[in-house]
Amino acid sequence: MIQKYWLLKSEPSTWSWEEQLQVSSEPWTGVRNYQARNFMKEMNVGDLAFFYHSNIGKEIVGIVKIVAPYHPDDTDDSGKFGCVDVAPVSSFKTPVTLNQIKKTPALQDMALLRQSRLSVMPLTKEEWDLICKMGEY
DNA sequence: GCCAACGTTGGC
DNA sequence: GCCAACGTTGGC
């Protein structure tokens, strides 16, 4: 299975990186957007994802890995949406801010910039590697 | 706090 | 099936 790379957004007031670091794994619940949901369906156990703080912070703070494939989201009564489980992997030494991403020519195609409301998105390996470098991971 | 972008809902 | 109205996200 090919390793894939993702970015997950969370508002720190809802679920922060500090909270994520304190659990062994956590279901990524609350996604109510079909495009984001479909990306989660494509995730495989072992895929890696950046953890991005939206609204407050506006920066990538660390890395999580997918530890359970797509399954129903208990918080969704409609039954239309599901989630994956993610476990913390590592904190960035230096968080990578939205501003830095905007200023980096190689990152202009990221959905983070082009589709600001999308909360789950894929990244290319090139984008992944560059951001890891910027975060001094 | 405002507003742009965009997804969803519901009337027709 | 179209589109206006409305709600939500998230950057500023």
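1. In which sense do strand 3 (residues 48-53) and strand 4 pair, and over how many bridges? The pairing is antiparallel, with six bridges between the two strands. Bear in mind that what you have on screen is a predicted model. For a handle on this pair, look at Leu-48, which sits opposite Lys-65 of strand 4. The hairpin that links strand 3 to strand 4 has five residues between the strands. Check Asn-55 while you're in that hairpin, as its phi is positive, near 65 degrees.

2. Next, the sheet as a whole. It's an open sheet of six strands with mixed pairing, and the order reads 2-5-4-3-1-6. Strand 2 and strand 6 (120-123) are the edge strands, and each has a single partner strand, so one side of each lacks a neighbour in the sheet. As a reminder, strands in a sheet pair through backbone hydrogen bonds, in either a parallel or an antiparallel way.

3. Now for strand 5 (residues 82-97). Strand 5 runs antiparallel to strand 4 (residues 59-72), and ten bridges join them. Two spots help you find the register: Gly-62 has Ser-91 of strand 5 as its bridge partner, and Ala-68 has Asp-85 of strand 5. Strand 5 also pairs with strand 2, again in the antiparallel sense, over two bridges. Asp-85 turns up here too, as the bridge partner of Pro-27.

4. On to the helix that packs against the sheet. Helix 2 (residues 34-41) packs on it and touches strand 1, strand 4, strand 5 and strand 6. If you compare directions, helix 2 makes an angle of about 55 degrees with strand 6.

5. The DNA deserves a look as well. Around DNA strand B you'll find Asn-33, Tyr-34 and Arg-117. Of the atoms of DNA strand B within 4 Å of the protein, 50% belong to sugar or phosphate, and the rest belong to bases.

6. Last, the pocket. The largest pocket has a volume of about 480 Å³. It is lined by 17 residues, and those closest to its centre are Lys-9, Thr-29, Gly-30, Val-31 and Ser-119. Strand 1 (5-10) and strand 2 (26-27) are the elements that give two or more residues to that lining. Sorted by class, the lining holds five nonpolar, seven polar and five charged residues.

Key
Residues numbered from 1 in each chain as written. Chains lettered and ligands numbered in written order. Predicted model: local features only at pLDDT ≥ 70, side-chain atom pairs only at ≥ 80, totals over all residues. Heavy atoms only, no water. 1 Å grid on protein atoms, 1.4 Å probe; cavity = no way out; pocket = protein on both sides within 12 Å on 5 of 7 lines; lining within 4 Å. Points joined across faces, edges and corners; volume = space filled by probe spheres on them. Helix = DSSP H or I, 4+ residues; strand = E, 2+ residues; numbered from the N terminus. Nonpolar A, V, L, I, M, F, W, Y, C, P; charged D, E, K, R; others polar. Pairing = 2+ DSSP bridges. Contact = heavy atoms within 4.5 Å. Axes fitted to C-alpha atoms, helices over the stretch in contact; angles between N-to-C directions. Near = heavy atom within 4 Å.
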